[in-house]
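I opened my notebook to look through a structure and write down what I found. I went one topic at a time.

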Amino acid sequence: MRKHISRFVFTICVLALTASCVSPEELRREDEAACTGYGFKVGTSEFANCLQRESLARRYIALPPTPYWGWGYWVGP
(Lines give C-alpha, C1' and ligand atoms only; values in the text may rest on other atoms or scores of the structure.)
Protein backbone atom coordinates (compact mmCIF):
# COMPACT_ATOMS: atom_id res chain seq x y z
CA MET A 1 0.00 0.00 0.00
CA ARG A 2 2.79 2.43 0.87
CA LYS A 3 4.46 1.71 -2.44
CA HIS A 4 1.32 2.77 -4.31
CA ILE A 5 0.99 5.94 -2.26
CA SER A 6 4.63 6.89 -2.77
CA ARG A 7 4.29 6.30 -6.52
CA PHE A 8 1.21 8.49 -6.59
CA VAL A 9 2.95 11.30 -4.67
CA PHE A 10 6.01 11.03 -6.91
CA THR A 11 3.84 11.22 -10.03
CA ILE A 12 2.04 14.31 -8.74
CA CYS A 13 5.37 15.99 -7.95
CA VAL A 14 6.75 15.24 -11.40
CA LEU A 15 3.62 16.56 -13.08
CA ALA A 16 3.71 19.73 -11.00
CA LEU A 17 7.36 20.37 -11.87
CA THR A 18 6.90 19.78 -15.59
CA ALA A 19 3.80 21.96 -15.70
CA SER A 20 5.61 24.86 -14.07
CA CYS A 21 8.40 24.97 -16.68
CA VAL A 22 7.90 27.67 -19.29
CA SER A 23 10.50 28.53 -21.91
CA PRO A 24 11.46 32.13 -22.71
CA GLU A 25 9.94 31.68 -26.17
CA GLU A 26 6.59 30.71 -24.65
CA LEU A 27 6.69 33.71 -22.34
CA ARG A 28 7.43 35.98 -25.31
CA ARG A 29 4.51 34.51 -27.27
CA GLU A 30 2.17 35.02 -24.32
CA ASP A 31 3.33 38.62 -23.91
CA GLU A 32 2.94 39.29 -27.64
CA ALA A 33 -0.54 37.79 -27.60
CA ALA A 34 -1.51 39.92 -24.61
CA CYS A 35 -0.19 43.13 -26.18
CA THR A 36 -1.86 42.33 -29.50
CA GLY A 37 -5.06 41.70 -27.57
CA TYR A 38 -4.73 45.14 -25.98
CA GLY A 39 -4.74 46.63 -29.49
CA PHE A 40 -1.05 47.45 -29.97
CA LYS A 41 0.42 46.92 -33.44
CA VAL A 42 3.54 44.76 -33.84
CA GLY A 43 6.65 46.79 -34.64
CA THR A 44 5.58 50.01 -32.93
CA SER A 45 7.19 51.60 -29.91
CA GLU A 46 3.91 51.23 -28.01
CA PHE A 47 4.04 47.47 -28.64
CA ALA A 48 7.62 47.35 -27.34
CA ASN A 49 6.59 49.31 -24.26
CA CYS A 50 3.74 46.88 -23.68
CA LEU A 51 6.14 43.91 -23.91
CA GLN A 52 8.42 45.58 -21.39
CA ARG A 53 5.55 46.27 -19.00
CA GLU A 54 4.36 42.67 -19.25
CA SER A 55 7.86 41.40 -18.47
CA LEU A 56 8.26 43.75 -15.53
CA ALA A 57 4.84 42.81 -14.17
CA ARG A 58 5.76 39.12 -14.28
CA ARG A 59 9.01 39.82 -12.45
CA TYR A 60 7.22 41.92 -9.83
CA ILE A 61 4.70 39.16 -9.17
CA ALA A 62 7.48 36.55 -8.87
CA LEU A 63 9.38 38.43 -6.13
CA PRO A 64 9.39 36.64 -2.80
CA PRO A 65 7.67 38.37 0.09
CA THR A 66 9.80 40.27 2.56
CA PRO A 67 10.53 38.31 5.71
CA TYR A 68 8.80 39.14 8.95
CA TRP A 69 11.37 39.37 11.69
CA GLY A 70 8.97 40.15 14.52
CA TRP A 71 10.19 43.62 15.33
CA GLY A 72 8.86 47.09 14.78
CA TYR A 73 6.30 49.36 16.32
CA TRP A 74 3.56 46.68 16.17
CA VAL A 75 5.49 44.33 18.50
CA GLY A 76 5.44 44.97 22.21
CA PRO A 77 8.59 45.52 24.29
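My entries follow, and the model they describe is a predicted one.

**Entry 1: the overall layout**

I began with the protein chain as a whole. I found three helices and zero strands in it. Going along the sequence, I wrote the pattern down as α-α-α. Next I looked up how much is hidden: of the 77 residues in the chain, 8% are buried. I also noted the exposed surface of the chain, which is about 7100 Å², with 66% of it supplied by carbon and sulfur atoms.

**Entry 2: helix α3**

I picked α3, which runs over residues 45-62, and checked its length. With 18 residues at 1.5 Å a residue, α3 should span 26 Å, and its end C-alpha atoms are indeed 26 Å apart, so the two agree.

Which residues of α3 are buried? I listed Phe-47, Cys-50, Leu-51 and Ser-55. They sit within an arc of only 135° around the axis, which means they are on the same side of α3. A textbook reminder I put in the margin: an α-helix has 3.6 residues a turn, so residues three or four places apart point the same way.

Then I looked at the face of α3 turned away from the buried side. The exposed residues Arg-59 and Tyr-60 are there. As for what covers the buried residues of α3, helix α2 (24-37) is included in the cover.

I also looked up Ala-48, which has its place in helix α3. Ala-48 has a relative accessible area of 42%, so I put it down as partly exposed. Its C-alpha atom is 9.3 Å from that of Glu-32, and the two residues are 16 apart along the chain.

**Entry 3: the disulfide**

How many disulfides does a search of the whole structure find? I got one. The partners are Cys-35 and Cys-50, with their sulfur atoms 2.1 Å apart. Cys-35 belongs to helix α2 and Cys-50 to helix α3, so the pair ties together parts that are 15 residues apart in sequence. I read off -95° about the S-S bond, and the link of Cys-35 and Cys-50 is left-handed. Buried or exposed, these two cysteines, Cys-35 and Cys-50? Both Cys-35 and Cys-50 are buried. For my own revision: a disulfide is a covalent bond between the sulfur atoms of two cysteines.

**Entry 4: the salt bridges**

I counted two salt bridges in the structure.

One joins the side chains of Glu-32 and Arg-28, at 2.8 Å from N to O. These residues are four apart in helix α2, so about one helical turn separates Glu-32 and Arg-28. Glu-32 is partly exposed, with a relative accessible area of 27%. Arg-28 counts as partly exposed too, at 44%.

Another joins the side chains of Asp-31 and Arg-58, also listed at 2.8 Å, N to O. Asp-31 lies in helix α2 and Arg-58 in helix α3, so this pair ties together parts that are 27 residues apart in sequence. Arg-58 is partly exposed at 31% relative accessibility.

**Entry 5: back to Asp-31**

I gave Asp-31 another look. Why does Asp-31 count as buried? Its relative accessibility is 7%, and buried means under 20%. What is Asp-31 in contact with, leaving aside its neighbours within four places in sequence? I wrote down Leu-51, Glu-54, Ser-55 and Arg-58. Two of those names, Leu-51 and Ser-55, were already in my list of buried residues of α3.

Key:
Residues are numbered from 1 along each chain as its sequence is written. This is a predicted model: local features need pLDDT of at least 70, side-chain atom pairs count only at pLDDT 80 or more; totals for chains, interfaces and linings use all residues. Side-chain values use heavy atoms; hydrogens and water are left out. Helices (H or I, at least four residues) and strands (E, at least two) are DSSP runs, numbered from the N terminus. The expected span of a helix is 1.5 Å times one less than its number of residues. Buried means under 20% relative accessible area, exposed over 50%, partly exposed in between (1.4 Å probe, protein chains only). The arc is that of the directions from the helix axis to the C-beta atoms. Contact means heavy atoms within 4.5 Å. A disulfide is a pair of cysteine sulfur atoms within 2.5 Å. Accessible areas come from the Shrake-Rupley method with a 1.4 Å probe; for residues, only the protein chains shown count as cover. A salt bridge is a side-chain nitrogen of Lys or Arg within 4 Å of a carboxyl oxygen of Asp or Glu.
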